[in-house]
Amino acid sequence: MSIFEYDQEAHMKHLKKEYYADGWEDGKEEGEAVGAALNLISLVRKWIKRNLQDKEIVDLTEESPEEILKLIQILKEHPNTQDREILKLWKAL
């Protein structure tokens with residue numbers, strides 16, 4: 001018998017923990033990105049309600065002008081739609 005015994009069950013438990021941790025981090029990063037996008041949608045919605053011009057809104061954000069203009073258009077076309085639904089519409093384009 002070798003001094004390096006292979007314990008498949010222990011190895012599988014280790015891999016499961018490792019994969020779970022990787023998935024947790026991926027999910028956490030994705031959740032943070034969704035949270036940031038929802039926050040941006042909320043801000044842009046408020047700026048639209050305050051009658052800021054599209055260019056002013058674009059200038060207030062650090063996102064690409066094209067993306068913000070798409071978001072503004074969606075928000076104007078769907079003023080009563082929930083932020084999560086706006087996010088789906090925005091990212092589907």
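The turns below ask how some descriptions of this predicted model are reached.

Me: What should I know about the model before reading its values?
Reply: This is a predicted model, in which local features need pLDDT of at least 70 and side-chain atom pairs count only at pLDDT 80 or more, while totals for chains, interfaces and linings use all residues. Residues are numbered from 1 along each chain as its sequence is written, and side-chain values use heavy atoms, with hydrogens and water left out.

Me: How do you know what confidence the predictor has in the protein chain?
Reply: The score is pLDDT, the predictor's confidence in each residue, from 0 to 100; the protein chain averages 83, and 75% of the residues score at least 70. Among the elements, which are DSSP runs numbered from the N terminus (helices are H or I, at least four residues; strands are E, at least two), H1 has the lowest mean pLDDT, 77, and H3 the highest, 96.

Me: Why is Arg-45 called buried or exposed, and what about Asp-83?
Reply: Buried means under 20% relative accessible area, exposed means over 50%, and partly exposed lies in between (1.4 Å probe, protein chains only). Arg-45 has 14%, so Arg-45 is buried, whereas Asp-83, at 23%, counts as partly exposed.

Me: What makes the contact of Asp-83 and Arg-45 a salt bridge?
Reply: The term asks for a side-chain nitrogen of Lys or Arg within 4 Å of a carboxyl oxygen of Asp or Glu; the side chains of Asp-83 and Arg-45 meet at 2.7 Å, N to O, and therefore the pair is a salt bridge. The pair links distant parts of the chain, with Asp-83 in helix H4 and Arg-45 in helix H1, 38 residues apart.

Me: Why are Glu-85 and Lys-88 said to be separated by about one helical turn?
Reply: They are 3 residues apart in helix H4, which is why the separation is given as about one turn. Their side chains also meet in a salt bridge, at 3.4 Å from N to O; Lys-88, at 54% relative accessibility, counts as exposed, while Glu-85, with 38%, is partly exposed.

Me: How do you know that Ile-86, Leu-87 and Trp-90 lie on the same side of H4?
Reply: These three residues of helix H4 (residues 83-92) are buried, and they cover an arc of only 105° around the axis, taken from the directions from the helix axis to the C-beta atoms, which puts them on the same side. On the other side of H4, Arg-84, Lys-88 and Ala-92 are exposed.
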